[in-house]
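Please look over this model and ask how each label on it was earned. The answers set values against cut-offs.

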Amino acid sequence: MKQQTAQTKTKRGTPDFQLLILTLLLVGFGLVMVFSSSSSIAIASDKFNNDALYFTKKQLMWAIIGLFGMFFAMNIRFNKYKKLYAPFFLLTTVMLVIVLISGAMLNGARSWIRIFGFSVQPAEFAKIAIILYLAALITKKGERFRDLKTGYIPVLVIVGFIAGLIMLQPDFGTCFILVATCGLVIYAGGASMKHIMGSILLVVLGGALALGANALFSSVSSPDSATVSLTEAKQSYKMDRIQAFLDPLSDPTNGSLNLLRSLVAIGDGGITGSGIGQGTIKLHYLPNAYNDFIFSVIGEELGFIGSALFLLVYLYFIWRGIIVSLRCPDPFGTLVGIGIMGLIAIQAFINIGGVTQTIPVTGVTLPFISYGGTSLFVMMVAMGILLSISRTNNLDVIKEEKTKSVTVQTQTRTSPALRSRESIRRIR
């Protein structure tokens, strides 16, 4: 009776302590770097009320909201997300449609809508919605997922539909991250490699045809037109980024300017850096230093040692999340966890790779670090889901330990022959 009572009381396991602490450390470090990279700009501008804490206070507000969201998500049993994914996915899809109709235009993209007085980016919510949807769908299909017509193609249609809505904004960086994350979940779900390689080939061919068609229509358009269409301006902006990646010195006063200044900032950091708050590249030299290029500020102010330590912590954080995901006995939890950590890893690589000339700049945030309320909130809620998975894992560990203790007690009351047979079985 006492044992049954103890098992009844132990309804939930504890969350993974390391993952929780690492998440809070990254959020705290992000707040420090947002203040360091934005205070000089904010205090010198009437637009930001000459308030050095303008961006920091907004980011702190979203961090607090995200903290509540993380703990709320952490206290929902992860298997309940199998039922919650459908309304969440539907709501996100509706938001993506609304943003195309009445969203606010910013930096050439219609990506923001106002909800309850807050500006939110529906594409950020779509990242988590599609992960939950795919994990539930793949788990439900089971072995049928390897079938091309009944398993694989329906999943691709869903991914293509959401990716298409994001591309219409247009937001190429977010679209690429979403598609890459979905590809990782699909691969982890056991899809056939023939199907995956075929999909990649179709995407490459489709992209090449789209770029070719765009170049063709651009070449036949009238060169004497006084105004350039918004679409042409966007395409030119994208081509400038690609050209800057291939040859940063090709246009050092225009298209390559931000990348060159980013590289200069990282180089000026040297081994030990200039110190937090002591960097100069953020002083109106590098736009969006608190957002897309925040790793440049980290490189300048913390130097090689500080940047390397930050990356090591980031890598351990991702590794720890993957371990938690793989320990989950439920395939749904494993796929969700792999999707969440894959999302963070892919987005971090794209952000850091862009500012270090590893890949072309795409203009995405560095998870938990860059300024951006919606991104921070969504990432913290995603970690809440992963921490919920870890709680279930730890509960299973507790149950296994109790089972082992009961087995040991039983063995002490059995004959030596039975105990010897059990010992031999464990050795084998």
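What follows is a set of questions and answers on this predicted model.

Q: What does the secondary structure of the protein chain come to?
A: The chain has 14 helices and three strands. Of its 428 residues, 44% are buried. Among contacts between residues at least 6 apart in sequence, 73% join residues at least 24 apart.

Q: Why is α10 called roughly parallel to α11?
A: The axes of α10 (residues 257–269) and α11 (residues 294–326) cross at roughly 20 degrees. Angles under 35 degrees count as roughly parallel. That makes α10 roughly parallel to α11. The two axes come within 6 Å, and the crossing is left-handed.

Q: Which residues make the contact of α10 and α11?
A: From α10 come S262, A265, I266 and G269. From α11 come F295, S296, G299, E300 and G303. These residues divide into three nonpolar, five polar and one charged. Gly counts as polar in that division.

Q: What is the crossing angle of helix α4 and helix α5?
A: The axes of α4 (residues 81–102) and α5 (residues 122–141) cross at roughly 145 degrees. They come within 8 Å. The crossing of α4 and α5 is left-handed.

Q: What makes up the contact of α4 with α5?
A: On the α4 side are Y81, Y85, F88, F89, T92, M95, L96 and V99. They meet P122, A123, F125, A126, I128, A129, I130, L132, Y133 and A136 in α5. The division is 17 nonpolar, one polar and no charged.

Q: Why is N49 called exposed?
A: The relative accessibility of N49 is 58%. Exposed means over 50%, so N49 counts as exposed. N49 is placed in the loop between α2 (17–43) and α3 (54–74).

Q: What is notable in the phi of N49?
A: Phi of N49 is positive, about 60 degrees, although the residue is not a glycine. Q357 also has a positive phi, near 65 degrees, and is a residue other than glycine.

Q: Why is Q357 called partly exposed?
A: Q357 has a relative accessible area of 28%. Buried needs under 20%, exposed needs over 50%, and partly exposed is in between. Q357 is therefore partly exposed. The residue is found in the loop between α12 (331–355) and α13 (373–412).

Q: Which peptide bond is cis, and what is its omega?
A: The bond joining Q169 and P170 is cis. Its omega is about -10 degrees. P170 is in the loop between α6 (148–167) and α7 (172–188).

Q: How do you know that G164 is partly exposed?
A: Its relative accessible area is 28%. Partly exposed is the range between under 20% and over 50%, so G164 gets that label. G164 sits in helix α6. The C-alpha atoms of G164 and C175 are separated by 8.0 Å, with their positions 11 residues apart along the chain.

Q: What makes L67 partly exposed?
A: L67 has a relative accessible area of 31%. Buried would need under 20% and exposed over 50%, so L67 is partly exposed. L67 lies in helix α3.

Q: What does L67 touch beyond its sequence neighbours?
A: Not counting residues up to four places away in sequence, L67 touches L24 and M380. The C-alpha atoms of L67 and V381 are 7.9 Å apart, although the two residues are 314 apart along the chain.

Q: How many aromatic pairs are there, and why is the pair of F48 and Y54 called tilted?
A: The count comes to 19 aromatic pairs. In the pair of F48 and Y54 the centres are 5.1 Å apart and the planes make 45 degrees. Pairing needs centres within 6.5 Å; stacked means under 30 degrees, edge-to-face over 60, and the rest is tilted. So this pair of F48 and Y54 is tilted.

Q: Why is F48 called buried?
A: The relative accessible area of F48 is 13%. Buried means under 20%, so F48 is buried.

Q: What makes the pair of F310 and Y314 edge-to-face?
A: The planes are 80 degrees apart, and the centres 5.4 Å. Edge-to-face means over 60 degrees. Both residues lie in helix α11, four residues apart, about one turn of the helix. F310 and Y314 are both buried.

Q: Which residues form one aromatic cluster with F310 and Y314?
A: F29, F295, F317 and F368 join F310 and Y314 in one cluster.

Note on methods:
Residues are numbered from 1 along each chain as its sequence is written. This is a predicted model: local features need pLDDT of at least 70, side-chain atom pairs count only at pLDDT 80 or more; totals for chains, interfaces and linings use all residues. Side-chain values use heavy atoms; hydrogens and water are left out. Axes are lines fitted to C-alpha atoms, for helices over the stretch in contact, and angles run from 0 to 180 degrees between N-to-C directions. Helices (H or I, at least four residues) and strands (E, at least two) are DSSP runs, numbered from the N terminus. Angles under 35 degrees count as roughly parallel, over 145 as roughly antiparallel, 65 to 115 as roughly perpendicular and the rest as oblique. A crossing is left-handed if the near helix is turned anticlockwise from the far one by less than a right angle, and right-handed if clockwise. Contact means heavy atoms within 4.5 Å. Buried means under 20% relative accessible area, exposed over 50%, partly exposed in between (1.4 Å probe, protein chains only). Rings of Phe, Tyr and Trp (its six-membered ring) pair if their centres lie within 6.5 Å; planes under 30 degrees apart count as stacked, over 60 as edge-to-face and the rest as tilted.
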